[in-house]
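Me: Could you walk me through the spaces inside a protein model, one question at a time?

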Amino acid sequence: MRVTEPGALVAPPEHRAPAGWRPDSWRGLPITQQPPWDPAALERVTEEIALLPPLVLPAEIRELHRSLAAVSAGEAFLLQAGDCAERFSSCTEQGVRGKLKVILQLAILLTYGAGLPVVKVGRIAGQFGKPRSQPTEVVDGVELPVFRGDIVNSPEPRAEARRPDVNRLLRAYHHSAATLDALRALTLGGSADLDQAHAWNQEFVRRTGPGQDYEKVADEITRALRFMAACGVDMNELRALHQVHLFTSHEALLPHYEQALTRYDEKSRAWFDTSAHMVWIGDRTRQLDGAHVELLSGITNPIGLKVGPSTTPEQLRQLCDRLDPNHVPGRLVLITRLGATNVTDLLPPLLRAVNETGHSVVWACDPMHGNTFVSRSGYKTRRFSDILTEIAMFFGVHRAEGTYPGGIHLELTGDDVTECLGGVEDVLDNQLGTRYETACDPRLNAGQSIQLAFHVAQFLRSSAWPAH
Ligand code: PEP
Ligand code: CO
């Protein structure tokens, strides 16, 4: 019995590279967000990476694709979550275990809410590169190049630390490999137990105290698990309950790195970017004729596309045609990040434009990137209430338009950080400095993440989707 891999029996058609595409056909096209690398050193390091083994395998990528095809048909729900920017230093056993733990806690709540399988994709094992709004920043009166993620430079405010270092591409490869190795051991070894993830959530409910609705949801899940046991389902024997699949993903920001890991699969005669199961195109690099779109148009992996408030329906239509010319269900995950105040105005025309094209996409809501601001205390932050509102609006608009709200995309951590305002433990502006640890954008802490998932579980339960 396969519980975690929806649609596993139905093999959907696959995307194939368009005529004339090559792993290096992006070179020479307009490109943004690239660090000023030393070109000779860059070629030397990427040639070295190109000889190293793939990080993920085509068979695993196909499995994710099948699962996303099920999401696009309204038969599963996508949870994509993890760090804004992973750090090399958090690639530790405890670090990986903590991230996995919170993702699984959310997944069980969403599975219960949706009554459907949840496809779990981490922003993990490769999310090391960051697009930035400005190439430089002023720190203590000194202008410095910005931090572009551990794959490029180091965040310390010194000119030397901020210099791009090609050897970091190689380090990113090795840190991704080590993270994946730990994830594989943790997810296949049984420590990702359903019972255990539920026990963690019950612990959260106990800590938040009475008066919250969470208790009801947690109790219902307990009853469902007891019911299965009473029906004679031996939970200890059921492998599917003890093993989970966590797929990996990151923004494909640095085409030199992605090209080095793009490999031809003789068996299926297709190109796969073996740096992660899924990669996405950021809101700043989605130019139709740009390098990023060209590179990702030829790989067979499922592709994410961030859709910010400046995206026009016509642009989105063209991007869908370009990235999914053969209309392959689940090939594209459109991740809208419009901002809580914009969703009701901007989302409907985007949904209609894509519907008219007939592409069978996954619609996911990133409620983080459209709701970022600098608070009075000077920290870049997000309000828990705005995040929740954007998701609620996303569900509402999909219901009104008759389309399926297929997933959520979150920046979170399993740690007790104080980066986003509000939530059940009500982080205040003057408390942001207590544990503000992100290398880039503010993340939901463990409590805020679980609280959010309880709410989303309720949205899912109270919605009847046409596809069901
Ligand atoms: C991100 O996901 O971290 C990010 C930078 O998103 P966007 O491209 O949507 O701004
Ligand atoms: Co971010």
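**Cavity, pocket and ligand**

Reply: Happy to! In this predicted model, the largest cavity is lined by Gly126, Phe128, Gly129, Ile151, His250, Glu251, Leu253, Leu254, Tyr257 and Glu258.

Me: Which elements give two or more residues to the lining of the largest cavity?

Reply: Look at the lining residues again: among them are His250 and Glu251, and also Tyr257 and Glu258. Strand E5 spans 246–251 and helix H9 spans 255–260. The elements that reach two or more lining residues are therefore strand E5 and helix H9.

Me: How many nonpolar, polar and charged residues does the lining of the largest cavity have?

Reply: Gly counts as polar here, while Tyr counts as nonpolar. Sorted in this way, the lining of the largest cavity has five nonpolar, three polar and two charged residues.

Me: How much space lies in the largest cavity?

Reply: The structure holds three cavities of 30 Å³ or more. For the largest cavity, the space comes to about 60 Å³.

Me: And how much space lies in the largest pocket?

Reply: A pocket is an open set of points, whereas a probe in a cavity cannot get out. The largest pocket is lined by 36 residues, with Arg132, Lys380, Ala439, Cys440 and Asp441 nearest its centre. Strand E3 (residues 136–139) gives the largest share of that lining, three residues. The space in the largest pocket is about 830 Å³.

Me: Which class has seven residues in the shell around ligand 1?

Reply: Ligand 1 takes up the space of the largest pocket. Its surroundings include Arg123, Lys130, Asp283, Arg284, Lys306, Arg337 and Glu411. Alongside three nonpolar and two polar residues, the class with seven in this shell is charged.

Me: Which side chain has an N or O atom 2.6 Å from an oxygen atom of ligand 1?

Reply: Start with two other polar contacts to oxygen atoms of ligand 1: His369 at 3.0 Å and Glu411 at 3.1 Å. The side chain at 2.6 Å belongs to Arg337.

Me: How much of the accessible area of ligand 1 does the protein cover?

Reply: On its own, ligand 1 has 300 Å² of accessible area. The share of this area covered by the protein is 98%.

Key
Residues numbered from 1 in each chain as written. Chains lettered and ligands numbered in written order. Predicted model: local features only at pLDDT ≥ 70, side-chain atom pairs only at ≥ 80, totals over all residues. Heavy atoms only, no water. Near = heavy atom within 4 Å. Polar contact = N/O pair within 3.5 Å; in protein donor to acceptor, adjacent residues only side chain to side chain. Areas by Shrake-Rupley, 256 points an atom, 1.4 Å probe, with all protein chains shown as cover. 1 Å grid on protein atoms, 1.4 Å probe; cavity = no way out; pocket = protein on both sides within 12 Å on 5 of 7 lines; lining within 4 Å. Sits in = over half its atoms within 2 Å of the grid points. Points joined across faces, edges and corners; volume = space filled by probe spheres on them. Helix = DSSP H or I, 4+ residues; strand = E, 2+ residues; numbered from the N terminus.
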